[in-house]
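Notebook open, model loaded. I'm jotting things down as I look them up, starting with one backbone oddity.

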Amino acid sequence: MDFEDDTTVLTTLKSFNSFISHTDVPQRLSENSAGSGNLQSQYKRSMELLEAAERAQSKNRYLQLDGEKKQMELSHKRARYELEKVASDSARDLEHEVDRNQDLLGRLKKFEERETEAAKNLSEQVEATRALRKSMEGLNRKLEERDTRLNTANQTISSLKDEIRELKQRIQNQDSTISSQTLENQELQEQLDLQRRKHQEVSQLCQTLQAAQSSCLEHMIKIKELERRLALQEQDIAIVKTVKSEVAKVPDLEKDLKRLRDDNVFLRESRENCSLLKEEVKGLRRKLERMEKKTEELVNIELEKERLVEKLKAWENLGQSTGLNIRKPEDLSREVIHIQQREIALKEQNYTLNSRLRSAERTQNEHRAELAQQRSKTLEEQKKREMQESLVRRLQKRVLLLTKERDGMRAILESYDSELAPTEYSPQLSRRLREAEDILQKTQSHNVEMEAQLMKAQEETGTLKLQLQTVELELEALKMHQASSADSNTSETKEEVNILRQKIEDLESERQRLEEQNNILEMRLERHNLQGDYDPFKTRVLHFKMNPTTVAKQERQQDVEALREEVTRLSELVRSLQEGGAMVQGDCSINASGFGLSLPPSKEVVDLRKQMESLELKIQRLKEVFQRKIQEFRTVCYVLTGYQIDITTENQYRLTSVFAEHMDDSLLFKKGSNGSMQLMETEFSRTLGEMVALHLHHQKSIPAFLSAVTLDLFSRQTTI
Amino acid sequence: MTSTLNGITLKGSAELVADFFSFGINSILYQRGIYPPETFTRVTHYDMSLQLTTDTKLKNYLTNVVSQLKEWLFECTVQKFVLVITCLETNEVLERWQFDIDCDKSAKESSAPREKSIKSIQQEIRSVIRQITASVTFLPLLETPCAFDLLVYTDKDLMVPDKWEESGPQIIDQSEEVRLRSFTTTIHKVNSVVAYKKTDSV
């Protein structure tokens, strides 16, 4: 900017200078052109003008310079400001630089440290390199050693190579020898093959030889067999010869045979006879045995009879000797009955006696017991008596004492009476006396009572003694009686005792048995009790009416009834079905009887019937529809083709044209077995010979023929 | 329970015994499979877990019978209480659970409570029920559908109430008996017996 400003100043100066120079020239030109007269004045005026212009110009220039100066100042200011700005910027930069310098210094320090470290590392590495160098040297040494070794090894290798060469040579030699040997070997193998072939041939020969030998052996065996056969045949021949000779004998033999047959028949008959005879013999023997037995029995019977006769005689003798009228066994039995009756009577007597004896014994026992009682009583009585006697004595003694006392008392009283005045003590004494006398009287009365008691006791004892005596007497009598009866019946009594003992034993055993039975019965009772038995007189068994068992049973019963009803219902249904089936179809009834057990439920049958009805209905409807359709089809065919097609018989179709002149004019077609249609001859067809020849025989087209016919008929009708 | 801890009255005894029967019948029905096991629920009583039926019909029946039985026990007129299991197909009695009851009739006159703690009675009852449960091991298997009935042996002079009727003893033909434990409340003594039909294999 400053430069530009400067340049403007400069340019203005330049332009001014140029302007000045330019103006001089035109003015001269104008002065030259305008005239020379006025030149002076003009010159003067121009000079003045010039001066004025110069002044204006200078003024302008001054103004311009002033502006420029101002501008310069402004620019200067601006420049100074900018310079200041730049200075501040540079100062700031300097500060930055100083900071950076410091940073760099820090970095430098760090680098120095690093350098030192690096130097250290370097020294270490130098050392390491030295060590490596040493190791290198060692390695070099080793390498040298190895080189030397390698050299030696190379030497050895070269020597070995030499050896190898030698060996190769040897191998070559050996190869040559081997090849020669292989050649030999081949020769030998060829020889061996030859040998083998020979061997094979030989072995084949051997085999053939063996086969020959075996065949030879077989032949030998065959020969032997044949020889044997020959021998057999020779034998057979001999046999045949013998047979022939025997055959010669055959008629004789037949004769013999006949004879022998006859004999045989005869012998058979005789054998039957013989068997009959044997049976007879057996029967006879049995009879004989029976007879012998009977004879033995007879002898025995005779012996018995004799014995019995003797017995009878003895009996008779006995009867005679005894005087009894025993002649017959009846008499004897009568006698025996008599004796038995007597015995019974005697036994009865015996029993009565025994019972009497027993009663006597019992009474005796009773008497004994009574006696013992009486004795004890007497003893008691005696004791009582003694006691009473002693009592009596004591009482007597007391009485004596009392009398003595009384006497003493009386004496004392008398002495008192005598001594004392009767007035003072008389009432007292008299009272005492009276008391004493009362006591005396009491004692006396007591004494009397006691004496009376004593007497009574004595009397009692006396009576008891008497009783005793009588009892004793009775006892003696009884004893006597017993002794007498015992004497007479000792043996009987003993027996009776034995019997009684036995009875007792029996009874004891029975008792034991009964006890056991009782135990068993108790056990059974216990068991029954455990099983739930009870005494119906004491106990009653109750249960709730609607208990689960009865409920369950009822339910079961109901189920059973329901099932039964169902079964009857079903069986009826089955029957009805079977009958219906029989009416309708034979097969159906068979099936129904066959499947009698697995009946279809009634519902199913009903369903099936419904289905059947609906199907029938459907079929009916279909038939109707078909008929309608067929009718429609036929009418359409008739209208469209002009022919009414009817089926007269099977495979024969009659075509009647719409335009037929007569009702009977029709064409008959027959359908062949291969499906081809053939025209049958009718009256109407006979009139159409040309068309038949043209369309059927020549063109072989029935539709063409038919259309030709229709056209013909149509033309005929329209023409008419 | 009306009875005190230390003694037992006639009424308390009757209730105890009736309770025992209720639980005993339930556990027999459960153990013998007369009713399906899913109709039973577990209940703790006598310090042991027991099975009680939830079948309403059966429950009704049991409460009817047991309440009547309780009355009779109170009157001391029961001699036996029997659970009979019959086969429905053949109407044959297969099992009889018999509980003989000895009533001390003197308890009716004197109302003084007896000296026996409920604890010891319950102990005895527990052991009886345990034995019932254990007896399943030797009883033959019930293979056919069965139903049960409850019989009560009472004194002859008892009035038969409505809904009750006389029945036969339903004794098993050819039975085998096994005695079980007994328990006593000192007023009622209960002896248990199970009788079952001898199987052919034995």
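**Entry 1: a positive phi.** Cys76(B) caught my eye: its phi is positive, about 60°, and the residue sits just after H2(B). Note to self: this is a predicted model.

**Entry 2: the helix before it.** I went back along H2 of chain B, which runs over residues 56–75 and has 20 residues. From first C-alpha to last I get 29 Å, close to the 28 Å expected at 1.5 Å a residue. At the N-terminal end I found a cap, Asp55(B), with a side-chain oxygen 3.2 Å from the backbone nitrogen of Lys57(B).

Which residues of H2(B) are buried? My list reads Leu58(B), Tyr61(B), Leu62(B), Val65(B), Val66(B), Gln68(B), Leu69(B), Trp72(B) and Leu73(B). They cover an arc of only 165° around the axis, so they share the same side of H2(B). Textbook reminder: an α-helix has 3.6 residues a turn, so residues three or four places apart point the same way. On the other side of H2(B) I noted Thr56(B), Asn60(B) and Thr63(B) as exposed.

**Entry 3: H4, treated likewise.** Helix H4 of chain B covers residues 118–134. Its 17 residues should span 24 Å at 1.5 Å a residue, and the end C-alpha atoms are 24 Å apart, which agrees. Buried here are Ile118(B), Ile121(B), Ile125(B), Arg126(B), Val128(B), Ile129(B) and Ile132(B). The arc they cover is only 165°, which puts them on the same side of H4(B).

What do the buried residues of H4(B) pack against? I get H1 plus strands E1 (7–8), E3 (48–53), E5 (93–103), E9 (175–184) and E10 (188–197), in chain B.

**Entry 4: the core.** I then pulled up the largest nonpolar core, which has 58 residues. The residues with the most contacts inside it are Phe20(B), Phe21(B), Phe81(B), Trp97(B) and Phe148(B). Helix H1 of chain B (residues 10–31) gives the largest share of this core, 11 residues.

I picked Phe20(B) for a neighbour check, skipping residues up to four places away in sequence. It touches Tyr46(B), Phe99(B), Ile125(B), Val128(B), Ile129(B), Phe183(B) and Val190(B). Apart from the largest core lies another one, of 14 residues, including Leu667(A), Met691(A), Val692(A) and Val709(A).

**Entry 5: a glutamate in E5.** Glu95(B) lies in strand E5 of chain B. Is Glu95(B) buried or exposed? Its relative accessibility is 1%, and the cut-off is under 20%, so Glu95(B) counts as buried. For a polar partner I found the side chain of Trp97(B), joined to that of Glu95(B) by a contact of 3.0 Å. Leaving out neighbours within four places in sequence, Glu95(B) has contacts that include Arg32(B), Leu83(B), Ile85(B), Leu142(B), Ile172(B) and Tyr196(B).

**Entry 6: chain totals.** I finished with the bookkeeping for both chains.

- Chain B has 4 helices and 10 strands, in the order β-α-β-β-α-β-β-α-β-α-β-β-β-β.
- Of the 202 residues of chain B, 50% count as buried.
- In chain B, 70% of the contacts between residues at least 6 apart in sequence join residues at least 24 apart.
- Chain A has 10 helices and 5 strands.
- Of the 720 residues of chain A, 11% count as buried.
- The matching contact figure for chain A, residues at least 24 apart among those at least 6 apart, is 44%.
- Accessible surface is about 9500 Å² for chain B, 49% of it from carbon and sulfur atoms.
- For chain A I have about 61100 Å², with 56% belonging to carbon and sulfur atoms.

Terms used: Residues are numbered from 1 along each chain as its sequence is written. Chains are lettered from A and ligands numbered from 1 in the order in which they are written. This is a predicted model: local features need pLDDT of at least 70, side-chain atom pairs count only at pLDDT 80 or more; totals for chains, interfaces and linings use all residues. Side-chain values use heavy atoms; hydrogens and water are left out. A nonpolar core is a set of buried Ala, Val, Leu, Ile, Met, Phe, Trp, Tyr and Cys residues joined through side-chain atoms within 4.5 Å. Buried means under 20% relative accessible area, exposed over 50%, partly exposed in between (1.4 Å probe, protein chains only). Helices (H or I, at least four residues) and strands (E, at least two) are DSSP runs, numbered from the N terminus. Contact means heavy atoms within 4.5 Å. Accessible areas come from the Shrake-Rupley method with a 1.4 Å probe; for residues, only the protein chains shown count as cover. The expected span of a helix is 1.5 Å times one less than its number of residues. The arc is that of the directions from the helix axis to the C-beta atoms. A polar contact is a pair of N or O atoms within 3.5 Å; within protein, one must be able to donate a hydrogen and the other to accept it, and residues adjacent in sequence count only if both atoms are side-chain atoms.
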